[in-house]
Amino acid sequence: MRLPRPGFRTWLFLLLLALGGGLALLDQRPEAPPGPAPQGETGEPDYYLEDAHLTRFDAQGAPHQRLTTPRLEHTPVDDVTRLTTPHAQLRDSEGRQWLADAERGRLEDGQRLLTLEGQAVLTAPEERWRLETERLYYDSIAGHAWSDTPARLSQPPQWMRGERFDAWLDDNRARLTDNVRGHHPPDPQEDPES
């Protein structure tokens with residue numbers, strides 16, 4: 001006696017059942033652990049902040065530096081905090097306010113050194129002068145700001161350009177050196193005959 005031969009529908013049902021069982025077994029395998037995080041030259045950031053406001057206080061507890069940035073990230077390999085479009089408010093020893101802006105920035109050396117790069121600007125609103133350069137450094141302990149890239153210092157209507165700039169905020173002193181050129185129009189209130 002011969003058994004009946006299975007039909008097309010039976011074979012299709014058995015094939016789908018075997019395929020479903022195989023897929024169910026594959027789905028139960030543990031997932032492979034993720035690979036290492038991508039790293040650049042400075043390593044992977046250990047944290048980042050968005051819309052950050054940082055404030056540093058002096059020895060007497062008064063705020064003397066404020067930094068605002070839409071994004072900052074810290075990399076532990078080099079202990080550097082990178083800033084996107086930072087805006088800094090600095091106070092000197094006499095309480096005068098100084099403003100600094102750039103396209104990007106870095107906090108290094110235990111957050112003592114602020115480096116601003118890409119159209120860096122330092123202004124002294126009370127004195128109405130403005131410094132424009134490509135890279136600006138600021139040492140918060142010494143109150144020293146400097147640029148080793150060509151800089152333009154202006155206090156309308158006069159301006160000067162030089163290859164290097166130094167300012168000591170606490171001493172209210174600035175210096176422009178190397179290939180200095182400028183424009184100093186005469187004061188209309190001065191009497192040229194005296």
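1. Start with L122: its bridge partner in β8 is L131. That contact belongs to the pairing of β7 (residues 113–124) with β8 (residues 129–139), an antiparallel match that runs over 10 bridges. Keep in mind that this is a predicted model.

2. The turn between those two strands is worth a look too. The hairpin of β7 and β8 has four residues between the strands, and R128 has a positive phi there, near 65°.

3. L131 also has a partner in β10, namely L153. Here β8 meets β10 (residues 151–155), with four bridges joining the two strands in the antiparallel sense.

4. Next, β9 (residues 144–147). Three bridges join this strand to β8, again antiparallel, and Y137 has W146 as its bridge partner in β9. In the hairpin of β8 and β9 there are four residues between the strands, and G143 is the residue with a positive phi near 65°.

5. Now the empty space. If you're thinking of putting a grid somewhere, the largest pocket has a volume of about 260 Å³. Its lining counts 15 residues, and those nearest the centre are D58, H64, R91, S140 and D170.

6. What is the lining of the largest pocket like by class? It has five nonpolar, five polar and five charged residues. As for where the lining comes from, β1 (47–57) and β2 (63–75) each supply at least two of its residues.

Note on methods. Residues numbered from 1 in each chain as written. Predicted model: local features only at pLDDT ≥ 70, side-chain atom pairs only at ≥ 80, totals over all residues. Heavy atoms only, no water. 1 Å grid on protein atoms, 1.4 Å probe; cavity = no way out; pocket = protein on both sides within 12 Å on 5 of 7 lines; lining within 4 Å. Points joined across faces, edges and corners; volume = space filled by probe spheres on them. Nonpolar A, V, L, I, M, F, W, Y, C, P; charged D, E, K, R; others polar. Pairing = 2+ DSSP bridges.
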